[in-house]
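Reader: I'd like to walk through this model with you. Can we start with one residue and work outward?

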Amino acid sequence: MATLSYPLVCWQLDDTSVCGILLGTDYQVIERSARRVKAALAETLQRERERDGYVPEPDIDDARLKLVHVSVSLAHRTDKGNFPEPRATDFHVAAVFGQNEEDGYAKCYLPWLDQSFYYYDDAQLQVLIEHYTRECLDGVSPEAAQRYLMPSAPWLDQIDVRRDDRASSRQQVPRHLRETCEQLQAVADRLPETGARRGLHVFPEVAWEQGALVDEIAARLARRGNLLLVGEPGVGKSVVILEAIRKAHRLTTGHDAPPTFWRSHAERLIGRAKYLGEWQALCDQTVQWLDLADGLLWVTDFVNLLQIGGQSAEDSMAAYLLPALRRGTLRLVGEANPSELETARQRLPGFIDCFETLRLPEMDNLRARRVLELFAGHAKGALSVDIERQALDTGYRLLQRYVRYERFPGKAVRFFGDCVREALAAQSGVVTETAAIAHFAKSTGLPETFLRDDQPLDEAQVHAFFAQKLFGQDTAVGHLKDVVYLFKAGLNDPAKPIATLLFAGPTGVGKTAAAKALARYFFGAGDTHGAGGPGAAADPLFRIDMSEFQHAFQIARLIGTGARPGKLVEHVRQQPFSVVLLDEIEKADPSVFDLLLTVLDEGRLRDSRGRMTDFRSTVIVMTTNLGVRHGASLGFAQETPEGGGDSTIHDIRQFFRPEFFNRIDRVVPFAPLTRTAIEAIAVQELQAIAQREGLVRRGVRLAFSPALVAFVADKGFSPAYGARPLQRAVEQLVVAAVARTMFGPVADGALLEVDMQDGAVVVRPEPAG
């Protein structure tokens, strides 16, 4: 009998529990003391030896432990991108390392990061530890990084187990298989998860209410087939596959040559390719490794297999892997939504035919509510955060009405998961109805007035909001108020965008300002840094100049080509709650109108990859100058009431096909600006100067004379461009004069009177007071 010595690293989790990880194995345990940890692990290893006749040999001899301080750059992740923390964060990393005397290599474990690597020179060890730590943690959010903080200083121990040298070598894990698995770890993650990260997720990755489907998928995976799970976003495809892989692993553990399970994505599989044609060799290598390890690969972005590799599906990774799938040397499992499956079947039917397809429908209300109750029970039991019943009911109602681009239960679990994280950060211990509504408002931008049935709209307040931003456009203000009332009452068509509006009128009369006002009213309550989740952003208005799409081939820039999404599709996916402004719509190619038919009618758009983008939470605004030739001037009118605009409507009907025009909810006419409106706009632009940082910092105030207002209105108005040149006139004539005066003897808190004298702008400082 020989003795095997396994390195054991331990942490004191709290006063009553110790965590132990047995390096070189998948075993870890939590017990009341270090002695009990050693006893439990030793018993497990001994039981494995008695059952199978062997235990895997330790990777390293004479293990040593060191603590390394590594500075890591964390970042806040949002739909708009990653925003790095201004200062690096120091992490204490435990490293266990040693030589394998028999095979002549050295290996290092980073157990709390679930990382390991080989090295050949002790001088490289420090650098490699820092490299693998940063590779694991760089760009991780501060909240996610909490799970990688060691609870206390670790210590190193060992467990000795007897080995029966007479055990059959057939039962020992062959060295080539261990090496194959280690090579696979460069392009995929082995499942189920092992090491210190297992079980440390804030929320459990459990397929609640899907037990029968999990059993069916696990049985199919154990039979070594290819499987494609099809369902809408949010129904729980990923967690069902993960749970099924765990069960399939348990079902096959006792086999002589059990399969292995891996997870990766298309770009990672060929990410090391640097030269033309190299990705095919990397695919061959991965297929060979998977075949040797009897591995099943879960590709999390299945549809990308048809996009990456070549210009068409016939030249893609999917086409290249097709022969291996047919031979059975490659086994895959993937997930897709129905539209992606349909597109993939059209582009490469032979590839899809290699898979068994299973449908995962959306949960009914009863099962989805049970999932929420289970989630709330976990939050209370494991995290000590109580989600109030009224918060669950209100959150579910808001998600059901407003978040139509995702399905239950995924959108509910994600939403309340964010609420629980906020409660943990605030150390409140409870998610109230008020907190749930506030989080929904922050993540979507919708004001609480829309979200609360007990808060009626104030008609005077709504009118004042739009009237303060649109001068001389009473008809347009009335239309915008009606859109607000319809949405508040829940009478807008739920199968279409919130509203589809065509703003018609001369240049520079406030059409873009009206779109900005709509965006601010509907979606201005969101997180101004975009950290609230899908839909949160600093500017909820997205403008596209349709004069850039005057040819049919340019439509690809809207919906995308290949793996690259178009600008319209990309924006709405990132900000489903927003106003989409299609400026000068009449200048676009007719093919763009055909594309928009499904957006205006069904609120959905399918891109070149078959993915569906949902527009039902957006307001679509189009602007046009059609019909302005009937006016005496383009953007200026005398002091007369607004006209009916019948000629403008006639021109619009003549230009657009009936099927397009009939999908527009309302045409909003904008009248030429009156002199009174021009002066009101001038006053607004002048008052905005006082909010600039240089004046606010010194407490300097501005006062404008009526003569100056009239002068700016005259200089800033153009018959061809309306009030659009007004900002330029204010900058050149007024701001420049104020700036020159600020370089003189102006006391903090002074009042600057801005007036006209001999046809020029003059600024006179008055004493502070």
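Author: Sure. This is a predicted model. Let's begin with T618, which sits in strand β26, residues 618–624.

Reader: Is T618 buried or exposed?

Author: Buried. Its relative accessibility is 0%, and buried means under 20%, so T618 counts as buried.

Reader: What does the T618 side chain have for polar company?

Author: A polar atom of that side chain lies 2.6 Å from the backbone oxygen of F615.

Reader: And which residues further off in sequence does T618 touch?

Author: Leaving out residues up to four places away in sequence, T618 touches P497, I498, A499, V572, P576, S578 and V580.

Reader: Back to the strand. How many residues of β26 are buried?

Author: Seven of the seven, so β26 is largely enclosed by the rest of the structure.

Reader: Which residues go on which side?

Author: T618, I620, M622 and T624 are on one side, and V619, V621 and T623 are on the other. Both faces are covered. As a rule, side chains in a regular strand alternate between the two faces of the sheet.

Reader: Which strands pair with β26?

Author: Strand β19, residues 499–504, is joined to β26 by six bridges, and the two run parallel. Strand β23, residues 578–583, is joined to β26 by five bridges, also parallel.

Reader: Got a bridge partner for each?

Author: A504 is paired with T624 of β26. V579 is paired with V619 of β26.

Reader: New topic: empty space. How many cavities of 30 Å³ or more are there?

Author: A search of the whole structure finds five. The largest cavity holds about 70 Å³.

Reader: What lines the largest cavity, by class?

Author: 11 nonpolar residues, one polar and no charged. Helix α8, residues 278–292, contributes at least two. In fact α8 gives the most, with four residues.

Reader: And the second largest cavity?

Author: About 50 Å³. Its lining has eight nonpolar residues, one polar and no charged. Strand β7, residues 89–100, gives the largest share, four residues.

Reader: What about pockets? How much space lies in the second largest one?

Author: About 900 Å³. 27 residues line that pocket, with A513, K516, Q684, E685 and Q727 nearest its centre.

Reader: Which element gives the most to that lining?

Author: α19, with seven residues.

Reader: How does that lining divide by class?

Author: The second largest pocket has 12 nonpolar, six polar and nine charged residues in its lining.

Key: Residues numbered from 1 in each chain as written. Predicted model: local features only at pLDDT ≥ 70, side-chain atom pairs only at ≥ 80, totals over all residues. Heavy atoms only, no water. Buried < 20%, exposed > 50% of the residue type's maximum accessible area, 1.4 Å probe, protein only. Polar contact = N/O pair within 3.5 Å; in protein donor to acceptor, adjacent residues only side chain to side chain. Contact = heavy atoms within 4.5 Å. 1 Å grid on protein atoms, 1.4 Å probe; cavity = no way out; pocket = protein on both sides within 12 Å on 5 of 7 lines; lining within 4 Å. Points joined across faces, edges and corners; volume = space filled by probe spheres on them. Nonpolar A, V, L, I, M, F, W, Y, C, P; charged D, E, K, R; others polar. Pairing = 2+ DSSP bridges.
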